[in-house]
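Hello,

Here is the structure I promised to pass on. My notes on side-chain contacts follow below it.

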Amino acid sequence: MAEQLNKPRVVWLDLLRVIATCMVPLAHLCSNCWNLTAGVHSTDYITLNFFSAMCRWVVPVFVMISGVFFLNPSKPCDPKKIFRKNVVRMATAFLFWSFLYALQWTLFRPHAQTEVVQPFSKKFFLSELIVGEYHMWYLYMIALLYLLTPLIRVFSDNATKKQLEAFMVLSFVFAHFIPMILQIPFIKQFTFDDVYEDLNIGFIGGYVGVYIAGQYMTKYPFRKNIRKLVYILGVLGYAITVFGNLWISFQKNKSIKDMLGADLGCSVMIAYAMFTFFQNVVSKIEFKEKTVKIIKWLSARSFGVYLCHVFVMRAFQYFGIQVIHISPEHATVDMSFMPYIHIPPIIGVPVLTTLVIIGSFIVSWVISKIPLLKKYVV
């Protein structure tokens with residue numbers, strides 16, 4: 001999802017992008033079944049929580065990869081080029097896919113056979129077109145980062161190592177760590193959210209710190225003892241995500257995603273650990289030439305996979321297939337000849353995720369063969 005390097009090829013970044021992309025369908029398949037389990041104490045819910053926590057690092061990693069390329073001080077930063085090449089591409093990709101999703105959601109909305117199909121609504125269609133499908137918020141966010149890149153470069157190109165570190169720490173604390181702490185029930189009851197909003201953190205908010213971290217970590221690789229600390233924090237971040245979300249679910253006795261936010265501190269901690277691992281371990285692997293070609297091919301298709309995977313997911317939902325069941329009652333077509341089949345998520349999640357990933361790469365590849373579309377929508 002970032003601009004590609006020319007030569008030499010940074011294979012570990014391509015591979016990291018591919019793996020992160022494959023985690024996106026996993027997250028959304030689990031989310032779609034969040035309220036279909038027997039309860040928060042059920043094995044199904046606990047399994048979905050485990051799988052869902054595995055992939056909350058992907059958005060910060062995508063942003064870090066973009067930071068590696070766009071904040072590279074050795075590369076010129078032309079605002080006009082960034083706008084025409086990158087921002088316009090995000091805009092055209094958003095409009096193309098948002099139009100298709102809005103059309104699908106308006107005319108072919110999944111529904112149980114007993115429900116009445118809603119008539120076409122211009123208002124609903126336009127709303128869906130502007131807002132976009134639930135995963136397309138990323139395009140708004142990354143396009144804004146691209147627009148801000150010339151201003152961010154003024155800071156990142158001229159700041160000292162310590163100044164960059166201070167900025168990253170401030171950004172992590174105020175944009176990611178504090179929001180994570182505010183999810184804890186006994187803290188949330190004091191309505192500190194209002195105080196946090198009053199901080200109006202501005203420039204150090206959002207994903208700016210993560211964006212800068214991608215370039216910082218490539219320019220100043222961590223020493224061995226720091227890498228160990230980052231790995232420990234990554235494991236801790238995953239533990240907070242899994243058990244913290246379960247604990248809050250048990251407290252509220254309902255399915256929640258309070259600790260599954262991509263912008264929370266725990267997710268960013270995992271992202272930093274993943275980035276560090278690929279930078280220092282995976283980068284040392286001598287991949288065969290054929291393997292490198294495969295990784296490059298998959299990486300080039302990854303943006304299209306991110307955009308189209310919800311279509312592929314809904315193709316399965318059309319026939320009542322979710323990661324925890326095959327249900328004729330949830331099918332859009334007549335599947336009454338099929339019995340209801342419960343699928344343990346430990347099996348259903350990896351199997352259906354694999355099928356969605358394969359289907360999404362095929363769709364992305366097909367679109368990449370269409371001259372005009374491959375440049376602007378994938």
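W297 is partly exposed, because its relative accessible area is 35%, between the 20% and 50% limits. This is a predicted model, so please read every value as computed from it. W297 sits in helix 13. It helps to make a nonpolar surface patch of about 460 Å². The other members are I358, I362, W365 and V366. Helix 14 (residues 345-368) gives the patch its largest share, four residues. W297 also has a charge over its ring: the charged end of R301 lies 5.4 Å from the ring centre. A second contact of this kind puts K161 over the face of Y220, 5.6 Å from the ring centre.

Next, the salt bridges. Side chains of opposite charge can pair when their charged atoms come close. The search of the whole structure found six salt bridges. Three of them are described here:

- R17 and D14 meet at 2.9 Å, N to O. Both lie in helix 1 (residues 11-32), three residues apart, or about one turn. Both are buried.
- K252 and D258 have their closest N and O atoms 2.8 Å apart. D258 counts as buried, because its relative accessibility is 16%. K252 is partly exposed at 34%.
- E289 and K293 have their closest N and O atoms 3.9 Å apart. Both lie in helix 13 (residues 289-317), four residues apart, about one turn of the helix. E289 is exposed, with a relative accessible area of 61%. K293 is exposed too, at 53%.

Now the aromatic rings. The count comes to 23 aromatic pairs. F96 and W97 form one of them, and this pair is edge-to-face. Their centres are 5.3 Å apart, with 85° between the planes. F96 is partly exposed at 25% relative accessibility. W97 is buried, with a relative accessible area of 2%.

Y101 and F311 make a stacked pair, because their planes are at 15°, under the 30 degrees limit. Their ring centres are 4.2 Å apart. This pair links distant parts of the chain: Y101 is in helix 4 (residues 79-107) and F311 in helix 13, 210 residues apart. Y101 is buried, with a relative accessible area of 1%. F311 counts as partly exposed at 24%.

Last, a cluster. Ring pairs link F62, W137, Y138, Y207 and Y306.

Best wishes

Technical notes:
Residues numbered from 1 in each chain as written. Predicted model: local features only at pLDDT ≥ 70, side-chain atom pairs only at ≥ 80, totals over all residues. Heavy atoms only, no water. Salt bridge = Lys/Arg side-chain N within 4 Å of Asp/Glu carboxyl O. Helix = DSSP H or I, 4+ residues; strand = E, 2+ residues; numbered from the N terminus. Buried < 20%, exposed > 50% of the residue type's maximum accessible area, 1.4 Å probe, protein only. Patch = residues over 30% accessible without salt bridge, like charges linked within 9 Å, V, L, I, M, F, W, Y side chains within 5 Å. Areas by Shrake-Rupley, 256 points an atom, 1.4 Å probe, with all protein chains shown as cover. Phe/Tyr/Trp six-rings, centres within 6.5 Å; stacked < 30°, edge-to-face > 60°. Lys NZ or Arg CZ within 6 Å of the ring centre and 35° of its normal.
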